[in-house]
Amino acid sequence: MRQFSPAPVKKEDLHAVLDAANWAPSGMNRQPWEFVVVTGKKIGEMGKSYHSTLAEYLKNWDSSPMRDSITKEAFIRFAETYGGAPVIIVVLVQADPLPNFRKADLESASAAMENLLLAATALELGTCWMTGPLRAEKILRTILAIPPDREIVAITPLGYPEGTTRGSAASRPGTGTQGAVGGITQTFRNETMKKVTILIGSPRKNGNTRILAAEAERGLKEQGIATETVFLNDLKIKGCQACYWCKKNDVVACAVKDDMQKIHHLIQESDGLILASPIYFSTVTAQTKAWLDRMFPYVSMNLIPKLPASKRVSFIFTQNQPDARLFESGIGSFMYAVGLSGLSVKDHMIACDLDTGVKPSVTEKKELMDRAFAIGRDLLR
Ligand SMILES: Cc1cc2nc3c(=O)[nH]c(=O)nc-3n(C[C@H](O)[C@H](O)[C@H](O)COP(=O)(O)O)c2cc1C
């Protein structure tokens, strides 16, 4: 489809295509996709960004495969306006550092895109899976404020085809996309879907801690729970400055403006947390401890927690020593301190006898993998 009617897409049609996309099959049932729904003047900005790379593409127009299906002028018009579509949908995945996960996630997001296109066609909506805009990916990322840990997988305009009944002026109700999604850009997530944030305190992106956290994630996904994984080591989180700003003002916020703001935001929007950390010198890693100290705003001076007990947390610890009892006191006091925030501690596991690159990988220890899976599966049960 290369010429769209400007008629807004009906809210129920938009939700139906996104719902169909959410039902796509996914590798390890990770359902890694997110959808950015773009409307309004942002579409113009996206068109302009594409325009800047168009000149380069047009240099080889005579040998372009597009030449047989569209005139050069129509192609330029389409590229600069996304065919006049009232909506653009951008499919993202969280960029996974492990190649096999990354590949699985890209395949899954492509399947979601295909579901989306088929559902749109069934509703007489037009689409056009476009690869061209990714030539100007950097600018696109800026326009849509896509964070560095998200990968753009696919883009399509969405709208009723020009000249059809659904695209005619007569069927342009006031309850269109603008009213439906209420803004220029937003990430769509099924509103009824629960979400869990997974915090990883290991500096290793493919160490045993991460592998177990990924198993827990699989368990969460099996329950239809959305997840977001954060490597604490990638964030700049200062130690608590003991300014007591949060206490003096009695607010759940912090005077130190660094990446902890992102974590606070995630905690607010999540129904639970999984915290996975290796044991370093009898307790959690420094990255994990910095996070804990910065949870101070959630603890009031009379020890009445600020987070609702309905938010749950489970822990995964990994250690080299084969005896799980060795660091129980350090682990116990860490979990107690996390609980002071109000999060209800649901479960924990201590995975022993692990040393990445020296001892066998945890993937060879089925009972530990199963336990981590169950930690995720049961967190919100
Ligand atoms: C600085 C440092 C300190 C460690 N201290 C301990 C410790 O006190 N007890 C223990 O059993 N293992 C200790 N280990 C081993 C790690 O806890 C263990 O290998 C863990 O599984 C590493 O997780 P990863 O594979 O995600 O890196 C230490 C490792 C490092 C690098």
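In the predicted model, Tyr 280 stands opposite Thr 283 of strand β9. This pair belongs to the junction of β8 (272–280) with β9 (residues 283–284), where 2 bridges join the two strands in an antiparallel arrangement. The two strands form a hairpin with 2 residues between them, and Phe 281, located in the turn, adopts a positive phi of about 45°.

Strand β8 also takes part in parallel pairings. With strand β6 (residues 195–200), β8 pairs in the parallel sense over 5 bridges, and within this pairing Ile 200 is placed opposite Ala 276 of β8. With β10, the parallel pairing of β8 extends over 7 bridges; here Ser 277 has Phe 317 of β10 as its bridge partner. Of the 9 residues of β8, 8 are buried, so the strand is largely enclosed by the rest of the structure.

The sheet can be followed further through β10. Strand β10 (residues 312–318) is joined to strand β11 (residues 344–351) by 7 bridges, and the two run parallel. Between them the chain passes through helix α11 (residues 328–339), giving a β-α-β crossover that is right-handed. Arg 312 has Ser 344 in β11 as its bridge partner.

Lys 311 lies in the loop that connects α10 (286–293) to β10. Because 18 other C-beta atoms lie within 10 Å, Lys 311 falls in the partly exposed class, for which the count must stay below the 20 that would make a residue buried. Apart from neighbours within four places in sequence, Lys 311 is in contact with Asp 271, Gly 272 and Leu 343. By contrast with these contacts, the C-alpha atoms of Lys 311 and Pro 25 are separated by 28 Å, the two residues being 286 residues apart along the chain.

A second loop position was examined at Val 256, which is found between α8 (245–248) and α9 (260–269). Val 256 counts as partly exposed because it has 15 C-beta neighbours inside 10 Å. Beyond its neighbours within four places in sequence, Val 256 is in contact with Lys 238 and Gln 241. Gly 239 is 17 residues from Val 256 in sequence, with a C-alpha to C-alpha separation of 9.4 Å.

The ligand is surrounded by 18 residues, of which the closest are Ser 202, Gly 207, Thr 209, Thr 318 and Gln 319. The elements that contribute two or more residues to this shell are α7 (208–222) and β8 (272–280). Classified by side chain, the shell comprises 5 nonpolar, 10 polar and 3 charged residues.

At the level of the whole chain, the secondary structure amounts to 12 helices and 11 strands. The C-alpha atoms fill a box of roughly 70 × 50 × 35 Å along the principal axes, and 37% of the 381 residues count as buried. Among contacts between residues at least 6 apart in sequence, 84% join residues at least 24 apart.

The domain assignment divides the chain into domain 1 (11–188) and domain 2 (195–378). The centres of the two domains, taken over C-alpha atoms, are separated by 35 Å. Their contact takes 7 residues from domain 1 and 7 residues from domain 2. On the side of domain 1 that touches domain 2, the residues divide into 3 nonpolar, 3 polar and 1 charged.

Technical notes. Residues are numbered from 1 along each chain as its sequence is written. This is a predicted model: local features need pLDDT of at least 70, side-chain atom pairs count only at pLDDT 80 or more; totals for chains, interfaces and linings use all residues. Helices (H or I, at least four residues) and strands (E, at least two) are DSSP runs, numbered from the N terminus. A residue is buried if 20 or more other C-beta atoms lie within 10 Å of its own, exposed if 12 or fewer, and partly exposed in between; C-beta atoms are placed from the backbone. Two residues are in contact if their C-beta atoms, placed from the backbone, lie within 7 Å. A residue is near a molecule or strand if its C-beta atom, placed from the backbone, lies within 6 Å of it. Ala, Val, Leu, Ile, Met, Phe, Trp, Tyr, Cys and Pro count as nonpolar, Asp, Glu, Lys and Arg as charged, and the others, Gly among them, as polar. Two strands pair if DSSP finds at least two bridges between them. A crossover is right-handed if, with the strands pointing away from the viewer, the path from the first strand over the helix to the second runs clockwise. Domain bounds come from an automatic or database domain assignment.
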